[in-house]
Amino acid sequence: MFRKVVITLFLVFLFIFINNSRSQDIPLIRIGIAKIDGDAYFSNVGRMATDFLDMKVEGKGYVKIKVKNGSGFIETNNGILGVTLPLRIYPDGYYVNYNSNYYRGYFEILPSGWLVNVLNIEEYLMSVVPSEMPASYPLEALKAQAVASRTYALVNKRKHGEFDLCNTTHCQVYKGMRVENERSTRAVMETIGEVVVYNNQPIKAFFHSSSGGFTEDCKYVWGEDLPYLKGVKDSEELLNDTWSRTVNFSEFINKLSSADINIGGNFSIELEKTSSGRIYMMYFKSSEGIYYIKGTTFRNLFNLPSTLFDIVINGDYIIFSGRGNGHGVGLSQKGAKFLAEKGYNYKEILKFYYQGVGVAKWY
């Protein structure tokens, strides 16, 4: 009971702090949640507005909205009201319920049908940090994740045009309030407004799950050579996250064929690796010709955890043996955990994975 009271008081303090003390300084962010094509159900709605109407929602705030051909139709007990989009949906209090989940801020339904959650970045991070990194990780690792995710969000605003970021691994995973946790929220609040900077500008703060012992140069993954995104030896992770995958020969040939690599039955494979040991380019030589494919493309084709692997042909099977999980660029989340357990603070963790950077208060 005492723990529950403490947690409740802590969350109340955060709510007051974010919404009253600093909200005028904290940037808003627009997160694409889902594309609606049909019926959508909301609850705890206090008000809805378009460019022409402003409607108060009575009762418990239950609302059914149909989106069709760029128009919205609000269904109530009194009938159906057609409205122009965008339609803004405001909470009765500080959250709106959509699809049995709770979201801070408010929603917009755009003419394209996209449902967008609009909220300030700190509230957004309260969900992103525990969605991207286990909340059981050491506090300093969680703080490093909070600063990296805040930096990523600011640098990538408008990434999707009509909204800033999506809610998947394509951008950053965002699951609404249901995943918020006391420890990760504390990490967000103790770093509020802080970002990673290089030459006084926020960086492209890429991160990944596990390096497998070495992080990767950005240029080998996305072609852009950034001075703060160079590979580093990550000794704590050398023996972690090993993995193997096995595919039969015919599946291997068929998948390569889908990438226009037609090698037939007899072939050899040559691997061109980067200094981190990851595969940069693969060459297939057969009587049909010589083909090549980037390691990152091959990883996606076979849905492999990373490009840090070797290949063995064993009879009718192809065996991939590797380490790490993710693209390998920037901060390693598991590496951050190991460094925090060794006594590194969050700024030292960030400076380990991003070279020549600082941590600055941005707002």
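1. A residue is called buried when its relative accessible area is under 20% and exposed when it is over 50%. By that rule Cys-171, with a relative accessible area of 7%, is buried, and Cys-166, at 8% relative accessibility, counts as buried as well. Please keep in mind while reading that this is a predicted model.

2. The two cysteines invite a question: how many disulfides does the structure hold? The number is 0. A disulfide is a covalent bond between the sulfur atoms of two cysteines. The cysteine sulfur closest to that of Cys-166 belongs to Cys-171 and lies 3.5 Å away, which is too far for a bond because the pair would have to be within 2.5 Å. Seen from the other side, Cys-171 is in no disulfide, and its nearest cysteine sulfur is that of Cys-166.

3. Turning to the overall layout, the protein chain is divided into three parts: domain 1 covers 27–120, domain 2 joins 123–210 with 328–361, and domain 3 covers 242–323. The centres of domain 1 and domain 3, taken over C-alpha atoms, are separated by 47 Å.

4. Gly-356 deserves a separate look, and one may ask where this residue is found. Gly-356 sits in the loop between helix H9 (346–353) and strand S24 (358–361). Is Gly-356 buried or exposed? At 64% relative accessibility, Gly-356 counts as exposed, because the cut-off for that word is over 50%.

5. A last point concerns a pair of residues that are 128 residues apart along the chain, namely Gly-356 and Tyr-228, whose C-alpha atoms are separated by 6.1 Å in the model.

Key: Residues are numbered from 1 along each chain as its sequence is written. This is a predicted model: local features need pLDDT of at least 70, side-chain atom pairs count only at pLDDT 80 or more; totals for chains, interfaces and linings use all residues. Side-chain values use heavy atoms; hydrogens and water are left out. Buried means under 20% relative accessible area, exposed over 50%, partly exposed in between (1.4 Å probe, protein chains only). Domain bounds come from an automatic or database domain assignment. Helices (H or I, at least four residues) and strands (E, at least two) are DSSP runs, numbered from the N terminus.
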